[in-house]
Amino acid sequence: MPPMSTGPSTRGLPIEISGLTKHFGSVLAVDNLDFVVEPGRVTGFLGPNGSGKTTTLRMLLGLVTPNAGRATVGGQLYRELQNPSGTVGAVLEATSFHPARRARTHLRMVARAGGHDEGRADVVLDLVGLTADAKRKVGGFSMGMRQRLELASALVGDPDVLILDEPSNGLDPQGIAWLRDLMRYLAGEGRTILVSSHLLAEMAQTIDNAVIVSHGKLRAQGTLESITSGIAEASMHARTPEADRLCAVLTEAKVRFRRLSQDLVAVDGMTPEQLGPLLASNQIILYELTNQGADLEAIFLSLTSGMGFGELASPA
Amino acid sequence: MKNAVRSELLKMRTMPGVWVCFGLAFPLTALLIWAVFASAGGEPGHTYLYVHTLNQKRVLLGAGYVGITFLAPVLGVICITSEYRHKTITSTLLLTPRRALVLDAKIIATAWWCALMAILSLVTVAAIGLPWNAALGGVTSHVTDQLGAVVPGLLAATILLGLFGLGFGTLVKNQVAGILVVIGGTFILEPLLVALARGIFHYDLNWLPSAAAEALAGALARGGIGGNHDATSHLLTWWQGGLAMIGWGVIPLTLGYFTTVRRDVT
C-alpha cells in the first residue's frame with residue numbers, strides 16, 4: 001500500500017450522531033439516531049435498503065438538513081469545518097462526474113476547491129491505480145473506474161475521516177480486496193473510517209465495529225464480536241440420518257428449527273451445550289454438528305425479516 | 001472564496017457547452033460584420049461600403065452583441081445546470097459546504113467567462129472587421145476612436161446577461177429546458193410581449209432582459225441591429241438598463257438560492 005501522507009500516525013476524529021431525525025414528507029427516514037464512530041477503526045454502517053443509511057451520511061455531510069439532532073465530525077458540523085475536504089473525504093455516488101472532464105482535470109478541480117496542492121491529483125491517481133487513465137474522459141470509464149476515481153477525489157485532501165457509501169459497487173474482486181486493504185491501512189494510520197455496504201460477507205472481513213440500523217432506528221452498535229456473540233439467535237446446523245425424528249424432538253422441546261435439506265436441520269437459539277445433551281438423551285445419530293454463530297448475514301436477515309433484532313444486541 | 005472561484009473557472013473551462021457558445025460567438029460576430037458593411041453600402045447583399053457614420057462605427061465594434069444576447073445567458077444557464085445534470089452538485093457542496101459561497105463563486109466565474117466572450121467578439125472585429133473596413137477605404141482609427149463608447153456597455157451588458165442566465169438556471173435546474181427557454185425568450189417571447197404591449201396597451205415594454213441589456217449596451221444597439229426595439233422605441237437610459245439587468249440577475253439568483261441551492265441534495 002503506497003503511503004498516503006506524511007502526517008501524524010494518529011489523526012482521526014470521532015463522528016458523533018446525536019438524536020438525528022429526518023422526515024421526507026410523511027416518511028420518517030431517520031428516527032432519533034445516536035451513535036459514535038471511533039478513530040482508528042473501520043466501522044461498518046449496515047442496514048437494509050431504505051433503512052436511512054444514506055440519509056444519515058448526507059446529513060453528516062451537510063447535504064441534507066436534519067429535522068432534529070446533530071451530526072458532527074470532531075465536534076463540529078461539516079459546514080463549520082475550516083478545511084472540509086482536508087478533514088473529511090466522502091464517497092457517496094460514483095456518478096457525480098462531468099463525462100467530458102478528464103480524470104486528472106476532475107481531481108485538479110477538487111484540489112483547487114479544497115485549497116490543496118494540485119500535485120495531489122497524481123498522487124491519488126496512483127493510489128487508486130488510475131495513472132494510466134489520467135488523461136481519459138470520465139464518460140468512458142467503467143463503473144469500477146468511476147468508483148476508484150470517486151475514492152481518489154475523497155483522498156485528495158488527505159483527510160482524517162473517510163466516509164464511504166457502498167464503495168465496492170462496481171468493483172471487481174481484486175478491486176474489493178484492494179479497497180479492503182486500503183481501508184485497513186488508513187484505519188491503521190489512525191483515521192476514522194465509516195463505510196456503509198450491503199456486501200455483508202465482505203464487510204465481515206473488513207470492519208472492526210458495526211452500527212446497524214433498520215427503519216431509521218439504531219438496532220445495534222459495538223465491535224463486531226460483541227454484536228455477533230451477544231446474539232441469542234445463534235444457530236446450530238445438525239446433519240443426521242434421523243432428521244425427521246430430530247424435528248419431532250425439537251417440536252416437543254419447543255425449540256425453533258428449520259429443515260434445510262433431507263439430512264440437515266438448523267436449530268435456532270440453542271448453544272452446543274444445550275443441543276448436545278438433548279440429542280444424546282434421545283439417542284439421535286449425529287454425523288455433524290456445527291455452530292453457525294450469528295454472522296452479519298444472519299443479523300441482516302433478522303433485520304429484514306423483522307425478527308425482533310433489537311432485543312438481541314442492545315445498543316452500547 | 002478564492003479556492004471556490006478557481007475551481008469554478010476550471011470547471012467552466014472543461015465544459016464542452018462553454019466552448020460551443022464561444023464557437024458560435026465567432027461566426028455570429030463575423031456574420032454581423034458582413035451585415036454592417038452591407039447595410040453601410042445601402043443595398044444589402046450587393047454593395048459594401050466602409051463604415052462612415054458614428055452609429056455604423058459603433059455597431060461594427062459591437063458586432064458580437066447579437067450573438068451575446070443569447071449566448072451569454074446560455075453560458076450562465078450551463079454554469080449551474082450542468083451541476084444538476086451530471087450530479088456534480090454533490091461533490092461541489094462537499095468541497096464547498098457553504099452554499100452561498102458556491103453561488104458567489106459561480107457568479108464570478110460566469111462574469112469572467114462572459115467578459116471573455118465580449119473580448120472575443122472585439123478580437124473578431126479587430127481580426128475581420130477592421131481590415132475589411134480598411135480595404136473598403138475606411139480609416140481604422142476613426143473606428144477605434146469609438147472603443148471607449150462601446151466597450152464598457154458591451155462588457156457590462158454581456159456580464160449581466162450571463163448572470164441573468166445563471167439566476168434563471170438556478171430556478172429551472174434542467175439544462176435543456178433552461179437553454180431552450182433562454183433562446184426562446186430572447187427571440188420569440190420577449191419580441192412577442194413587446195409587440196403585444198405596444199399594440200394593445202401602447203406601452204413600451206423596455207425593461208425586459210434583452211431590451212434592458214440593449215439599453216445598457218448603449219449606442220451600439222441604436223442602429224436597430226439585433227434588438228427587439230426599433231429606432232423609434234424608447235429604450236431606457238444606460239443606467240436604467242443596468243439597474244433593470246441587475247434586477248434580472250439578482251431576483252432569480254436570490255429565488256434560486258432559496259428554492260434550489262439550499263435544498264436537500266438527496
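This report walks through a predicted model, from its confidence to its strands, its loops and the contact between chains A and B.

## Reading the model

Residues are numbered from 1 along each chain as its sequence is written, while chains are lettered from A and ligands numbered from 1 in the order in which they are written. Because the model is predicted, local features need pLDDT of at least 70 and side-chain atom pairs count only at pLDDT 80 or more, whereas totals for chains, interfaces and linings use all residues.

Chain A has a mean pLDDT (the predictor's confidence in each residue, from 0 to 100) of 84, with 86% of its residues at 70 or more. Residues 307-316 of chain A fall below 50, and this stretch has 19 contacts in the model beyond near neighbours in sequence; two residues are in contact if their C-beta atoms, placed from the backbone, lie within 7 Å. Where pLDDT is low, the predicted coordinates should not be read in detail.

## An enclosed strand

Helices (H or I, at least four residues) and strands (E, at least two) are DSSP runs, numbered from the N terminus. A good place to begin is strand 7 of chain A, residues 192-196: 5 of its 5 residues are buried, so the strand is largely enclosed by the rest of the structure. Buried here means that 20 or more other C-beta atoms lie within 10 Å of a residue's own; exposed means 12 or fewer, and partly exposed is in between, with C-beta atoms placed from the backbone. On one side of strand 7 of chain A sit A:T192, A:L194 and A:S196, on the other A:I193 and A:V195.

Strands pair if DSSP finds at least two bridges between them. Strand 7 of chain A runs parallel to strand 3 (residues 42-46) of chain A over 4 bridges, with A:G44 opposite A:V195. It is also joined in parallel to strand 6 (residues 161-165) of chain A by 5 bridges, and there A:I163 faces A:L194.

## A three-stranded sheet

Elsewhere in chain A, 3 strands form an open antiparallel sheet in the order 2-1-4. Strand 2 and strand 4 (68-73) of chain A are at the edges with a single partner strand each, so one side of each has no neighbour in the sheet. Strand 1 (residues 15-24) and strand 2 of chain A share 7 bridges.

A:V37 belongs to strand 2 (residues 27-37) of chain A and is the bridge partner of A:I15. A:V37 is buried, with 24 other C-beta atoms within 10 Å. Leaving aside neighbours within four places in sequence, the contacts of A:V37 include A:T192 and A:L194.

## Two loop residues

Most residues other than glycine have a negative phi. A:H215, however, has a positive phi near 50°; A:H215 lies in the loop between strand 8 (209-214) and strand 9 (217-223) of chain A. A:H215 counts as partly exposed, with 16 C-beta neighbours inside 10 Å.

A:Q283 also has a positive phi, of about 50°, and is found between helix 10 (272-281) and strand 13 (288-293) of chain A. With 8 C-beta neighbours inside 10 Å, A:Q283 is exposed.

## Where the chains touch

The contact between the chains takes 29 residues from chain A and 24 residues from chain B. Helix 3 of chain A gives the most to chain A's side, with 7 residues.
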